[in-house]
Structure formats: structure tokens, C-alpha cells
Amino acid sequence: MSQRTDPVALRWLIGGEMARFRERSGLSLLDVAQKTNIGKTKLGHMEVGRYNQDPADVQAVLTACETPPLEIERLCSIATKPTGRSWWYRWRSVVPEWLGLYLGLEGLASRLFVYELTSIHGLVQTRRYAEAITAHAALVDADDVDRLVALRLARAERLIVSPRLEYHLVLDESALQRSLGDSLLMVEQLDHLLDVSRRPNVRLQVMPFDRALHAGASMGNYAILDFDVLSGVAYSELYDDALFIRDPGKLKSYRMAAQHSIDTALSPAQSRTLLEKRRKELA
């Protein structure tokens, strides 16, 4: 299922599912340790992704938790001892831990939904736009701007290299009105959005100002990442941290908010018309 190598993110996803099945069974870590002869500390590390999950250990744990056989088979099929470095390793000195986890998840994802209120999302930024928005970021040192821009552009390659990420962006119109530099910068960015929106793996919708307040508007910026084999994750970025939501009930709420946004926003064709109109205003 891997799209880009990231052993840490993969362990985190597997561990989260192991924890969910254990909690659903009503067993504590100590209960599972007694049933499997696997140490409690090791089990705890497996659940948070700090310890490689050997398929035999995963099978023993899930069997003890009376997990359905198909679910055991699913997790054991991807529980290996992943080696190598994360795909974003070269930028590790400028990436905080929470962002590193997201980058790993984004690299592993097969589908990504994003709702963006304030700016053009990172996967569809031009170099000049990325430079401008990164330079304005309060927590970014001036010496790190070039490296972070290179990282952002490397992320965007998931849209064009095989296997391509299925990407659905709902972008608020305010992001199109907010200029980070001269009009040429925004014209280039709008041209890029128009080009990207025509790719078969991309669905871009604009939320115009004249739409009524919809149920998903109160969620702020967020993303939903889905994977071929593992359960999905919702992501919401904070000022200097992030929330990763994988509780099934809470994740369902994010999916409902996403659907409200999709239903309320302009269609992809209508969105391209609005982008073209905004481009003419700036040209």
C-alpha cells in the first residue's frame, strides 16, 4: 500500500488500529500481555508506533482481542519490519515532529480531501507563492525558507508521479482574493490552479462568497487522508502543533463536514470559470 516510504508513519497507523481493537475488546495492556506473553511495555510501544510490529506479534495481540479474522489478516499483511528512511528525511532539520508525521501520512495516502479557508493549499502552490507564504510564516527562520519551499514542491510531486494521489480540494474564495505579492504572482498561481484542476486525479472546487454558511464551515482548515488498506485519519493544523483524529466517531463527523462542503461549493467546471474570472481581474 505504500506510496512513499515512511516507516514511522506506517507503524503509527498500524499501532493505532491495534489500540482500537484492544480498546473495543475491553482488555487492558496488562490483560493482553498476560494472554500473549508479550511485555506490557512492548505492547504500549507497538500501539504508539515506537516499536516495529512483527506480524506474529500482531496476530497474537489481535487474536487475544477476539478481532475478526479478516481484520487480523489485513493488518498482518502490512505489519512488517520497515527499513529505510522517511521520504522527507533530507528536510528533517526544518520539520517539527508533528509535521513529520503528517508528511509521512500524506506520502502513504492514496486519497486526500482538503478544506482550505485562508490560502492556496501546499500541494498546488507555485514556487513563488510558496516562497511568499513561507517567508511570512511567523515560526519559520529566514535561513530555512528555501528548504521548506523545496519540501513543499516535493510534496506536490504526488499529484503527477505514479501512483498518483487522488486529491480533492475545496478552496474558499477568500484564498483567491488574498494576494501575497504582485499581481503577476497571483496570475501565475491561478494559471497553475487551472492547469492542476484538469488533471484526472484532481477535483478542485471553490467555495464562493455568496454561498450560505454550511455545516462544515466551523471546522476550519482540515484534511482527511485515506489509505488503501489502513483506516483513514483526519488532520487539523494548529499554530505550532496539529491534531490527528482517528476515532471512528470523530472521523465520521469530519467526513460529514467534508460532504457538506462538497455539496455547497461550486462544481469543478464552475470553479474553473471563477478562477478564470479572477485571473482576468488581475491580468
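Select Arg278 first: in this predicted model, Arg278 is buried, with a relative accessible area of 11%. Now add Glu281 to the selection, and you will find the two side chains joined in a salt bridge whose closest N and O atoms are 3.3 Å apart. Both belong to helix α12 (residues 268-282), where, being three residues apart, they are separated by about one helical turn. Glu281, at 48% relative accessibility, counts as partly exposed.

Go next to helix α5 (residues 69-76), where Arg74 and Glu71 are likewise three residues apart and separated by about one helical turn. Their side chains meet in a salt bridge of 2.8 Å, N to O; Arg74 is buried at 18% relative accessible area, whereas Glu71 is partly exposed at 27%. Keep this pair selected and add Glu17 and Arg20, since these residues are linked with Glu71 and Arg74 in a network of salt bridges.

From there, select Arg22 and Glu47, whose side chains meet in a salt bridge of 2.5 Å, N to O. Arg22 lies in helix α1 (residues 7-25) and Glu47 in helix α3 (residues 40-48), so this pair ties together parts that are 25 residues apart in sequence. Arg22 is buried, with a relative accessible area of 10%, and Glu47 is buried as well, at 11%. Across the whole structure, a search finds 17 salt bridges.

The last stop is Ala234 in strand β5 (residues 233-237), a buried residue with a relative accessible area of 0%. Setting aside residues up to four places away in sequence, show its contacts, among them Ala223, Phe244 and Tyr254. Finally, select Val196, whose C-alpha atom is separated by 24 Å from that of Ala234.

Notes: Residues are numbered from 1 along each chain as its sequence is written. This is a predicted model: local features need pLDDT of at least 70, side-chain atom pairs count only at pLDDT 80 or more; totals for chains, interfaces and linings use all residues. Side-chain values use heavy atoms; hydrogens and water are left out. Helices (H or I, at least four residues) and strands (E, at least two) are DSSP runs, numbered from the N terminus. Buried means under 20% relative accessible area, exposed over 50%, partly exposed in between (1.4 Å probe, protein chains only). Contact means heavy atoms within 4.5 Å. A salt bridge is a side-chain nitrogen of Lys or Arg within 4 Å of a carboxyl oxygen of Asp or Glu.
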